[in-house]
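Reader: I should like to learn how an enclosed space and an unusual backbone angle are read from a set of coordinates. Could we begin with the enclosed space?

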Amino acid sequence: MSVHAPEMPIEVDADTGVWTTDALPMLYVPRHFFVNNHMAIEEELGPERYAEILYKAGYKSAWHWCEKEAECHGISGDAVFEHYMKRLSQRGWGLFTIEQLDIAAGTARVRLDHSAFVYQYGKVERMVDYMFTGWFAGAMDQIAQSLGYSVRTQARQTQSGAQSGCDYGLFEVSPL
């Protein structure tokens, strides 16, 4: 295993202790802490209901992130989606690879290797990475709107590395 320092800028305000990367404040927490909280909420609400809640929250958050990052870096279109996948990968959620992207058509396919959720859950024979689905649709819709496209999208996970016979997750974005 080779290792390296983070590939994204991290600044810490000496007065407040707030961490910032690019245009947004960040939190740095152990993976087990985050995923254990996720699992506890899922146990109370059920995975289907929790997925609905996370989809809406993730959609809104991805929209905001893409808007702020595009402005911060002076980028637009595909570059924003590519930057988003790069930053998600750099922050430890897993390694996200864009297999297909067409903002005007409202379509994308994203592969997820080394999912933080799969590492914690293991092979549980179900999709456990559903937290990300709203992120992809929110990112796509913000970028499309910024380009003047009227397309609105939805995202769904089609496989997870937590399922037997699957080594990675796969997500599809399509028009509503």
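Author: We may begin with the character of the lining. This is a predicted model, and the lining of its largest cavity comprises two nonpolar, one polar and four charged residues.

Reader: Which residues line the largest cavity?

Author: The lining is made up of Thr 21, Asp 22, Met 26, Trp 65, Glu 69, Arg 87 and Arg 91. Met and Trp count as nonpolar, whereas Asp, Glu and Arg count as charged.

Reader: How many cavities of 30 Å³ or more does the structure hold, and what volume has the largest cavity?

Author: There is one cavity of 30 Å³ or more. The volume of the largest cavity is about 30 Å³.

Reader: Let us turn to the backbone. What sign of phi do most residues other than glycine have?

Author: Most residues other than glycine have a negative phi. In this model, His 114 has a positive phi, near 60°. Glu 125, which is not a glycine either, has a positive phi of about 60°.

Reader: Where is His 114 found, and where is Glu 125 found?

Author: His 114 belongs to the loop that lies between strand 5 (107-113) and helix 4 (116-121). Glu 125 occurs in the loop between helix 4 and helix 5 (133-146).

Reader: How is the relative accessible area of His 114 to be read, and what is the value for Glu 125?

Author: A residue is buried under 20% and exposed over 50%. His 114 has a relative accessible area of 47%, so it is partly exposed. For Glu 125 the relative accessible area is 47%, and this residue is partly exposed.

Terms used:
Residues numbered from 1 in each chain as written. Predicted model: local features only at pLDDT ≥ 70, side-chain atom pairs only at ≥ 80, totals over all residues. Heavy atoms only, no water. 1 Å grid on protein atoms, 1.4 Å probe; cavity = no way out; pocket = protein on both sides within 12 Å on 5 of 7 lines; lining within 4 Å. Points joined across faces, edges and corners; volume = space filled by probe spheres on them. Helix = DSSP H or I, 4+ residues; strand = E, 2+ residues; numbered from the N terminus. Buried < 20%, exposed > 50% of the residue type's maximum accessible area, 1.4 Å probe, protein only.
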